Structures are given as C-alpha cells and as structure tokens.
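This report describes a protein chain from its overall fold down to individual side-chain pairs. The sequence and structure are shown first, and the description follows.

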Amino acid sequence: METATDEMLELNPMRIILDIMISVQSNGMNGEQKKSMVLQRLQQLLDAETFDRYGPVFGLTIDLLKFLSHDKTMLKGLKSLKTGWLSCIS
C-alpha cells in the first residue's frame, strides 16, 4: 500500500483501515494483536501529526468494523446495498 495522505484519509478513512485489516486477517494473531498491527501500519502510513489527531478514532473504527463483520444480520444488510456503504459513511 502506498503512503496515505491527509487528503486520502479525508476521502475514505474507513477504506484505508479496512484494507489494512484485510491484509493482517490471516496471519495467526489474536484480535488485539491484529488491532495493534493495523494501528502500527497506520502510524507508518501517516505523518505523526495526522496519526495523533485521528488516533482515538482509528481504534474505535477498527472495533466497529470488527463488530460489523461478526454480526451476520448487519453484514448481510450491508452486502445487499447497491452502493458501497463505505463511500456513504466517509
């Protein structure tokens, strides 16, 4: 993944986080380790000021996406949308 800029983050921060979450999904770590890995990659992608500014929201976003992925009813509803739900949220 290329480095994320402030502009990319403002356009679709959930997509960036989701892409990273998918990339660490199957590496044998537990949930907290995966979350930590995602946050580390975000810290590498973003400049320190941007990461510090949005840091608290990143953890919450990861938790939200994890919750949504484990709730079959919610996941089915999201998949049935004709437009991408990530573009609607960001």
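## The Arg53–Glu49 salt bridge

Arg53 is partly exposed, its relative accessible area being 40%. In this predicted model, Arg53 forms a salt bridge with Glu49, and the closest N and O atoms of the two residues are 3.7 Å apart. Its partner Glu49 has 58% relative accessibility and therefore counts as exposed, the cut-off for that class being over 50%.

Both residues belong to helix α4, where Arg53 and Glu49 lie 4 residues apart and are thus separated by about one helical turn. An α-helix has 3.6 residues a turn, so residues three or four places apart point the same way.

## The Lys35–Asp63 salt bridge

The structure holds 2 salt bridges. In one of them, the side chains of Lys35 and Asp63 meet with an N to O distance of 3.0 Å. Lys35 is in helix α3, which covers residues 31–45, whereas Asp63 is in helix α4, so this pair ties together parts of the chain that are 28 residues apart in sequence.

How do the two partners stand in terms of exposure: is Lys35 buried or exposed? Lys35 has a relative accessibility of 19% and counts as buried, because the class takes in values under 20%. Asp63, with a relative accessible area of 36%, is partly exposed.

## Overall architecture

The protein chain contains 6 helices and 0 strands, and along the sequence it follows the pattern α-α-α-α-α-α. Of its 90 residues, 30% are buried. Among contacts between residues at least 6 apart in sequence, 55% join residues that are at least 24 apart.

## Helix α2 and its packing on α3

Helix α2 spans residues 13–24, and its 12 residues reach 17 Å from the first C-alpha to the last, which is close to the 16 Å expected at 1.5 Å a residue. The buried residues in this helix are Met14, Ile16, Ile17, Leu18, Ile20, Met21 and Val24.

Helices α2 and α3 pack at an angle of about 130 degrees, with their axes 9 Å apart, and that angle makes α2 oblique to α3. The crossing of α2 past α3 is right-handed. On the α2 side the contact is made by Ile16, Ile17, Ile20, Met21, Ser23 and Val24, and on the α3 side by Lys34, Met37, Val38, Arg41, Leu42 and Leu45. Of the α2 residues in this contact, Ile16, Ile17, Ile20, Met21 and Val24 are among those that are buried.

## Helix α3 against helix α4

The axes of α3 and α4 come within 11 Å and cross at roughly 145 degrees, and α3 passes α4 in a right-handed crossing. From α3, Gly31, Lys35, Val38, Leu39, Leu42 and Gln43 meet Phe51, Phe58, Gly59, Ile62, Asp63 and Lys66 of α4. Lys35 and Asp63, which form a salt bridge, are thus included in the residues that meet between these two helices. Val38 and Leu42 of α3 appear in this set and also in the contact with α2.

## Thr61 in helix α4

Where in the chain is Thr61 placed? Thr61 lies in helix α4, which covers residues 48–70, and with a relative accessibility of 11% it counts as buried. Leaving aside residues up to four places away in sequence, Thr61 touches Met14 and Ile17, and both of these residues are among the buried residues of α2.

Notes
Residues are numbered from 1 along each chain as its sequence is written. This is a predicted model: local features need pLDDT of at least 70, side-chain atom pairs count only at pLDDT 80 or more; totals for chains, interfaces and linings use all residues. Side-chain values use heavy atoms; hydrogens and water are left out. Buried means under 20% relative accessible area, exposed over 50%, partly exposed in between (1.4 Å probe, protein chains only). Contact means heavy atoms within 4.5 Å. A salt bridge is a side-chain nitrogen of Lys or Arg within 4 Å of a carboxyl oxygen of Asp or Glu. The expected span of a helix is 1.5 Å times one less than its number of residues. Axes are lines fitted to C-alpha atoms, for helices over the stretch in contact, and angles run from 0 to 180 degrees between N-to-C directions. Angles under 35 degrees count as roughly parallel, over 145 as roughly antiparallel, 65 to 115 as roughly perpendicular and the rest as oblique. A crossing is left-handed if the near helix is turned anticlockwise from the far one by less than a right angle, and right-handed if clockwise.
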